[in-house]
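Reader: Happy to have a look at this one with you. Could you walk me through the ligand site first, and then some features of the fold?

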Amino acid sequence: MCGIVGYLGSNGAYEILIQGLKRLEYRGYDSAGVALVNADGCLNVHKSQGKVSNLEQTAAAGDTTGHTGIAHTRWATHGEPNDINAHPHVSQSGDIALVHNGTIENYAVLKKLLSDHGFTFKSETDTEVLVQLIEYIKLTSNCTLAEAVREALLQVEGAYAIAVVERNDPDTLVVARKSSPLVIGVGDGETFIASDATPIIGYTDKVIYLENDEMAIIKRGEPLSIVSVNSNQPSKIDVQKLRLSLAQLEKGGYDTFMLKEIFEQPNTLRDCLRGRITSDNRRVVLSGVELNKEKFLEAERITLVACGTSWHAALIGKRLIQDFCQIPVEVEYASEFRYGNPVLGPKDIVISISQSGETADTLAAIEIAKEKGAFVYGVCNVVGASIPRATDSGTYIHVGPEIGVASTKAFTGQVTVLTLFALAVGQLRGTVSPEQIEEIATALKAIPATIEETLKVDAEVQKLSRIFTYAHNFLYLGRGYNYPTALEGALKLKEISYIHAEGYPAAEMKHGPIALIDHEMPSVIIAPSDSLYDKIISNVQQVKSRGGAVVAIVSKGNTAMNDIADFCIEIPEVPECLTPLVASIPLQLLAYYIAVNKGKDVDQPRNLAKSVTVE
Ligand code: M6R
């Protein structure tokens with residue numbers, strides 16, 4: 001988490017850095033700060049607890065001049081969110097400033113060493129230790145800033161993306177990365193750096209994705225230099241074209257990014273499906289599968305690893321792959337998998353699912369899977385992120401930047417890609433019939449229009465949300481393909497409205513959670529007309545007979561449920577394996593409106609960050 005930005009050029013750095021921070025605020029908003037080096041040899045640092053808007057107020061009273069600077073938006077790990085712990089951190093002499101995304105694991109040892117050499121610390125952060133270490137090395141070795149940064153990084157254990165500037169040198173910016181992401185934007189006489197490409201759009205479309213263990217030395221008027229932190233040998237510079245537009249980063253007339261992203265889903269799924277189903281709907285074409293046929297033919301087991309919403313998509317993926325590919329599938333939280341000593345070999349395929357492509361636990365799971373010889377396939381949204389670069393092959397979901405912290409369009413994109421994947425592998429292994437492929441591919445191609453139709457429940461769900469705004473607890477129940485949908489609905493409500501909600505397999509409820517049901521505990525029950533519909537009806541009755549209110553998500557035309565449930569929300573009928581795609585829409589809207597009714601900040605809910613780049 002945390003976002004970093006840097007600039008060196010001929011324009012005022014402050015405005016560029018502030019705008020960049022606003023784009024990165026989704027990565028954390030506990031505090032924000034900026035350090036500017038100006039031509040008079042001044043290093044001006046402004047920081048403030050809370051959002052970037054607070055920083056703007058603080059900085060307005062001070063000196064914001066300079067053509068070189070670094071900035072940070074924080075998601076607190078070491079030390080509470082306050083002004084002192086906010087980045088940039090400055091060395092003891094006040095000469096060096098540094099911003100950092102990641103965690104320095106051996107900071108306590110380094111801090112002790114530096115304290116023994118007379119260094120004192122103002123903050124509780126791990127980052128301050130790094131800037132002091134750089135200063136210590138610089139003073140004792142009489143070397144350049146870049147040399148001191150490299151030497152310090154050799155002593156650091158952990159993850160970092162850093163940017164460093166020095167008081168007397170407005171012409172140098174040093175950056176480096178290990179595990180945390182860093183992108184360099186190459187402009188005309190100016191260079192931008194950022195945790196992702198969003199702060200760079202609008203200035204240049206030429207970017208370099210810094211690789212792990214690389215550092216870049218950006219010097220005014222000189223060609224960019226990238227070297228390996230370990231060997232100090234120059235790296236090859238690979239300039240890529242950025243394919244993102246400014247419009248994709250704006251709210252487009254909606255009150256919030258989350259609402260925009262919910263309503264965008266017909267279009268994002270069109271982009272996700274484009275070119276992946278043949279015009280006769282008889283074949284699914286995924287290049288990641290086509291190019292690795294042998295791997296998929298030989299596969300004896302597939303393990304899906306992910307976190308949060310992506311883990312819910314993985315649970316749906318498990319059903320899809322089992323149904324269409326007849327391969328045993330396991331689903332693991334990436335954070336458990338990485339420490340679970342997984343038994344894997346060359347006939348294992350590990351699929352990592354991640355919207356951001358930067359989730360630390362998922363990245364670590366990929367490294368372990370690779371070490372053990374498994375073939376690793378990535379399902380990711382952010383093009384060029386660390387996860388797609390670490391995997392052997394994969395498929396992008398292509399749903400565009402997701403800025404609301406609560407994932408919506410990424411979830412439906414992930415489920416869509418997993419459906420395509422299961423069909424593609426199934427057709428390759430001959431485990432799915434041509435008729436089945438055609439039926440599902442036809443319905444999948446129509447899914448953008450089906451979701452457009454589903455979104456018409458908006459006003460009805462908004463009205464319903466008012467009845468439940470002040471509930472303290474919720475149960476979400478579903479079966480089969482829609483048990484993960486229930487988990488996802490509950491997570492959406494929890495993260496943006498702060499109402500406690502639990503997702504359960506509907507039939508499992510009678511083994512414990514049923515004790516919670518009373519007139520104050522509403523249940524949202526996902527009950528489309530599928531193979532488990534008759535079973536779920538009895539689960540609805542069990543809730544009703546204990547006084548619980550029921551909101552049922554049912555297929556269009558199902559009037560029978562009206563007699564049992566308190567409220568029914570109709571969704572279009574689709575093949576069973578596609579029901580999570582439509583059923584998740586009213587759940588997203590319900591969570592959204594309840595949170596809005598409660599006056600919550602849905603795009604930036606408390607304590608959360610969009611991409612979790614720490615353990
Ligand atoms: O970027 P990723 O998909 O790897 O992120 C995983 C989770 O952190 C993420 O899905 C999180 O649970 C969302 N806030 C859910 O809305």
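Author: Gladly, and please keep in mind that this is a predicted model. Let us start with a backbone contact: a nitrogen atom of the ligand has a backbone N or O atom of Val-405 at 3.2 Å.

Reader: Thanks! Which residue has a polar side-chain atom 2.3 Å from an oxygen atom of the ligand?

Author: The backbone also takes part here, as a polar backbone atom of Thr-309 is 3.0 Å from an oxygen atom of the ligand. For the side-chain contact at 2.3 Å, again to a ligand oxygen, the residue is Glu-495.

Reader: How much of the accessible area of the ligand does the protein cover?

Author: Take the ligand on its own as the reference, with 410 Å² of accessible area. Of this area, the part covered by the protein is 91%.

Reader: Nice. Which elements give two or more residues to the shell around the ligand, and how do the shell residues divide by class?

Author: The elements that do so are α10 (308-325) and α18 (483-497). There are 15 residues around the ligand, and among those that come nearest are Ser-310 and Thr-359. By class, the shell has 5 nonpolar, 2 charged and 8 polar residues.

Reader: On to the helices. How are α14 and α20 oriented to each other?

Author: Two packed helices are described by the distance between their axes and the angle between them. For α14 (residues 409-429) and α20 (residues 579-597), the axes come within 10 Å and cross at roughly 170°. Angles over 145 degrees count as roughly antiparallel. The two helices, α14 and α20, are therefore roughly antiparallel.

Reader: Which residues of α20 meet α14, and what classes make up the contact?

Author: From α14 come Phe-411, Thr-412, Val-415 and Thr-416, and they meet Leu-581, Ser-584 and Gln-588 in α20. Sorted by class, this contact has no charged residues, 3 nonpolar and 4 polar.

Reader: Where is the cis peptide bond that ends at Pro-88?

Author: Pro-88 is in the loop between β4 (68-74) and β5 (89-90). With omega near 0°, the cis bond runs from His-87 to Pro-88.

Reader: What is phi of Asn-341?

Author: Asn-341 sits in the loop between α11 (334-337) and β17 (348-354). The residue is not a glycine, yet its phi is positive, near 45°.

Reader: Last one: which backbone nitrogen does the side chain of Asp-30 reach?

Author: Asp-30 lies in the loop between α1 (13-24) and β2 (31-37). Its C-alpha atom is 5.3 Å from that of Arg-74, 44 residues away along the chain. Beyond its sequence neighbours within four places, Asp-30 has contacts including Gln-49, Trp-75 and Pro-81. At 2.7 Å, its side chain reaches the backbone nitrogen of Ala-76.

Terms used:
Residues numbered from 1 in each chain as written. Predicted model: local features only at pLDDT ≥ 70, side-chain atom pairs only at ≥ 80, totals over all residues. Heavy atoms only, no water. Near = heavy atom within 4 Å. Polar contact = N/O pair within 3.5 Å; in protein donor to acceptor, adjacent residues only side chain to side chain. Areas by Shrake-Rupley, 256 points an atom, 1.4 Å probe, with all protein chains shown as cover. Helix = DSSP H or I, 4+ residues; strand = E, 2+ residues; numbered from the N terminus. Nonpolar A, V, L, I, M, F, W, Y, C, P; charged D, E, K, R; others polar. Axes fitted to C-alpha atoms, helices over the stretch in contact; angles between N-to-C directions. Parallel < 35°, antiparallel > 145°, perpendicular 65-115°, else oblique. Contact = heavy atoms within 4.5 Å.
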